[in-house]
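Hi,

Here is the structure I promised to pass on. Have a look at it first, and then read my notes underneath.

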Amino acid sequence: MIKHYLDIFSVNEINKIVQLGDSLVLKEASFGGGNLQHKTRNSKIAWIKPPEHATWLIPKISKIWKNEFYRRFEDLQYTVYGIGGHYDWHKDVIKKPKSIKLERVSVAVVQLSNSFEYEGGDLELDIGEKIISVEKKKGMITIFPIDMRHRVTTVTKGLRKSLIIWAVS
């Protein structure tokens, strides 16, 4: 099931996330455990680690899954897509060793850029019978199951910034 929220973060809080993300060292994003393949993925990322970086984010993130039993989440991925940036069709399911008990169960994508700041860069979700494109709104949170295919189309102008949060169970 796909859910959208616009009331979790204020504009000031979104700007604070961007400021924090931009202050971190951004690295070339990899695909599939360290493989750099610009054909599949072209973006830069940094990891935000609450509470180390931002204790104030914890209650906000808890509101995203307020009616669910997911009270834990992985480190947050701050992602920047420049011109030519994209992430081809994929699922956020990862293989973990059996010794690690927690598994990703849901993903939330927080749009940190205004729609007029970039072109292209659409978040598209494959819901089976059709592909839907998520509305571009600063602060929009889109939640979907971890095994849903999705992509970010190629950015043709500007910068697209987002925050990825994985709930684990």
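Below is what turned up, starting with the whole protein and then going into details.

First, some housekeeping. This is a predicted model, so local features need pLDDT of at least 70 and side-chain atom pairs count only at pLDDT 80 or more, while totals for chains, interfaces and linings use all residues. Residues are numbered from 1 along each chain as its sequence is written, and side-chain values use heavy atoms, with hydrogens and water left out.

The protein has two helices and 15 strands (DSSP runs numbered from the N terminus: H or I of at least four residues for helices, E of at least two for strands). Of its 169 residues, 43% are buried (under 20% relative accessible area; exposed is over 50%, partly exposed is in between, with a 1.4 Å probe and protein chains only). Take the contacts (heavy atoms within 4.5 Å) between residues at least 6 apart in sequence: 80% of them join residues at least 24 apart.

Now the inside. The largest nonpolar core (buried Ala, Val, Leu, Ile, Met, Phe, Trp, Tyr and Cys residues joined through side-chain atoms within 4.5 Å) has 26 residues, and I48, I141, L163 and I165 touch the most other members. Elements giving two or more residues to this core include α1 (11-23), β4 (44-48) and β15 (160-168). The largest share, four residues, comes from α1. Leaving out residues up to four places away in sequence, I48 touches ten-odd places you can click through, among them I17, L20, L57, Y78 and L163. Apart from that core lies another one, of 16 residues, including Y81, Y87, I146 and I164.Y87 is worth a second look, as it also turns up in strand pairing (at least two DSSP bridges between two strands). Strand β3 (residues 41-42) and strand β7 (residues 86-90) run antiparallel, joined by two bridges, and R41 stands opposite Y87 in β7. Two bridges also join β7 to strand β13 (residues 150-152), again antiparallel, with Y87 opposite V152 in β13.

Last one: is S113 buried or exposed? S113 is buried, with a relative accessible area of 4%. You'll find S113 in the loop between β8 and β9 (118-120). A polar atom of its side chain lies 2.8 Å from the backbone nitrogen of K161. Not counting residues up to four places away in sequence, S113 touches Y118, K137, K138, L159, R160 and K161.

Cheers

How values were computed: A polar contact is a pair of N or O atoms within 3.5 Å; within protein, one must be able to donate a hydrogen and the other to accept it, and residues adjacent in sequence count only if both atoms are side-chain atoms.
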